[in-house]
Amino acid sequence: MKFSEHLYHKLQPIWRKNHSHPFVKEMGDGTLDPDKFRFYMVQDYLYLIDYSKLFALGAVKATNLEDMGTFSSLLDSTINEEMSLHRQYASRFGISAEELEAAEPSPITLAYTHYMLYSAQNGTLAELVAALLPCMWSYWEIGKELNEIPGASEHELYGDWIKMYSSEEFGELATWCIRLMDKAANGKSEEELLKLENIFLNTTRFEYMFWDAAYNKEMWPTDE
């Protein structure tokens with residue numbers, strides 16, 4: 001069994017919790033409160049800034065030119081294309097570019113991105129991939145599942161999100177990352193594989209917490 005398959009099957013309980021979270025379910029049936037999605041868009045923008053840094057670190061840690069090139073392309077497309085599309089999409093919810101740039105990360109956004117960057121900066125290429133893979137892989141799966149709901153991809157607010165993450169182009173990126181996980185894990189000791197599994201588990205848990213924080217619009221406690 002490939003390492004990615006092992007991860008996928010072993011962690012199904014927490015993996016499926018992401019798919020069944022109310023934020024995801026309500027996005028699929030079109031009943032999600034737009035204000036919750038607005039909160040998500042702001043936090044996801046901040047998340048993507050640090051997520052992009054993982055691609056830069058991936059190019060540094062890659063052991064061949066092909067993987068270096070793919071990480072570099074991911075960095076370029078995320079910063080110069082996806083972030084621009086994100087700003088355009090956010091404007092539908094009344095979120096200006098200035099608001100995005102001035103926004104503060106929620107506790108979960110801060111914890112999630114710092115954990116990924118810590119794992120990437122201090123670990124191997126395999127550890128970096130284990131940290132970034134759950135987001136890409138689960139978004140692809142969630143996008144495909146929501147796309148199967150009649151009319152979901154045509155929803156005026158959430159349809160474009162569903163189309164983007166269920167797209168063939170995004171699927172190709174996720175598939176590349178899954179293959180890279182298997183390649184990077186090949187030949188690792190049981191101890192090393194367990195460490196990779198724990199990183200993958202933790203970022204999968206963070207995915208759930210990110211959905212949950214958006215659904216409840218959780219920010220820092222106030223001084224009042």
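How do α4 and α7 lie to each other, roughly parallel or oblique? Keep that in mind as you work through this predicted model.

**Stop 1: α4 and α7**

Select α4, residues 34-61. Add helix α7, residues 107-122. Their axes come within 10 Å and cross at roughly 0°. Angles under 35 degrees count as roughly parallel. α4 and α7 are therefore roughly parallel to each other.

Now show side chains. On the α4 side, pick Gln43, Leu46, Tyr47, Asp50, Tyr51, Lys53, Leu54, Leu57 and Lys61. Their partners in α7 are Thr109, Tyr112, Thr113, Met116, Leu117, Ala120 and Gln121. Colour this contact by class: 9 residues are nonpolar, 4 polar and 3 charged.

**Stop 2: α2 and α8**

Select helix α2, residues 12-19. Then add α8, residues 125-147. The axes of α2 and α8 sit 10 Å apart, and the packing angle is about 55°. That makes the pair oblique, because 55° falls in none of the parallel, antiparallel or perpendicular ranges. The crossing of α2 past α8 is right-handed.

Which residues of α2 meet α8? Show Trp15, Arg16, Asn18 and His19. Facing them in the contact, α8 supplies Pro134, Trp137, Ser138, Glu141, Ile142 and Glu145. By class, this contact holds 4 nonpolar, 3 polar and 3 charged residues.

**Stop 3: α8 and α9**

Keep α8 on screen. Add helix α9, residues 159-166. The two axes come within 7 Å and cross at roughly 120°. α8 and α9 are therefore oblique to each other. Their crossing is left-handed, whereas that of α2 and α8 is right-handed.

From α8, select Tyr139, Trp140, Ile142, Gly143, Lys144, Leu146 and Asn147. From α9, select Trp161, Ile162, Tyr165 and Ser166. The class split for this contact is 7 nonpolar, 3 polar and 1 charged. Pause on Ile142: this α8 residue meets α9, and Ile142 also meets α2.

**Stop 4: the largest pocket**

Turn on the pocket surface. How much space lies in the largest pocket? The volume is about 430 Å³. The lining has 20 residues, and those closest to the centre are Glu82, Met164, Tyr165, Phe170 and Leu173. Tyr165 is familiar from the previous stop, where it meets α8.

Colour the lining by element. α4, α5 (65-91), α8, α9 and α10 (168-185) each give two or more residues. α5 gives the most, with 6. By class, the lining has 13 nonpolar, 3 polar and 4 charged residues.

**Stop 5: the second largest pocket**

Move on to the second largest pocket, with about 220 Å³ of space. Of its 14 lining residues, Leu85, His86, Tyr89, Asp160 and Met164 are the closest to its centre. Select Met164 alone for a moment. Met164 is among the residues closest to the centre of the largest pocket, and Met164 holds such a place in the second largest pocket too.

Which element gives the most to this lining? Select α5, which supplies 5 residues. α4, α5 and α9 each supply at least two. The lining divides into 8 nonpolar, 2 polar and 4 charged residues.

**Last view**

Show α5 with both pockets. α5 gives the most to the lining of the largest pocket, and α5 also gives the most to the lining of the second largest.

Definitions and conventions. Residues are numbered from 1 along each chain as its sequence is written. This is a predicted model: local features need pLDDT of at least 70, side-chain atom pairs count only at pLDDT 80 or more; totals for chains, interfaces and linings use all residues. Side-chain values use heavy atoms; hydrogens and water are left out. Axes are lines fitted to C-alpha atoms, for helices over the stretch in contact, and angles run from 0 to 180 degrees between N-to-C directions. Helices (H or I, at least four residues) and strands (E, at least two) are DSSP runs, numbered from the N terminus. Angles under 35 degrees count as roughly parallel, over 145 as roughly antiparallel, 65 to 115 as roughly perpendicular and the rest as oblique. A crossing is left-handed if the near helix is turned anticlockwise from the far one by less than a right angle, and right-handed if clockwise. Contact means heavy atoms within 4.5 Å. Ala, Val, Leu, Ile, Met, Phe, Trp, Tyr, Cys and Pro count as nonpolar, Asp, Glu, Lys and Arg as charged, and the others, Gly among them, as polar. On a 1 Å grid over the protein atoms alone, a cavity is a set of points where a 1.4 Å probe fits but cannot get out, and a pocket is an open set with protein on both sides within 12 Å along at least five of seven lines; lining residues have an atom within 4 Å of a point. Grid points are joined across faces, edges and corners, and a volume is the space filled by probe spheres set on the points.
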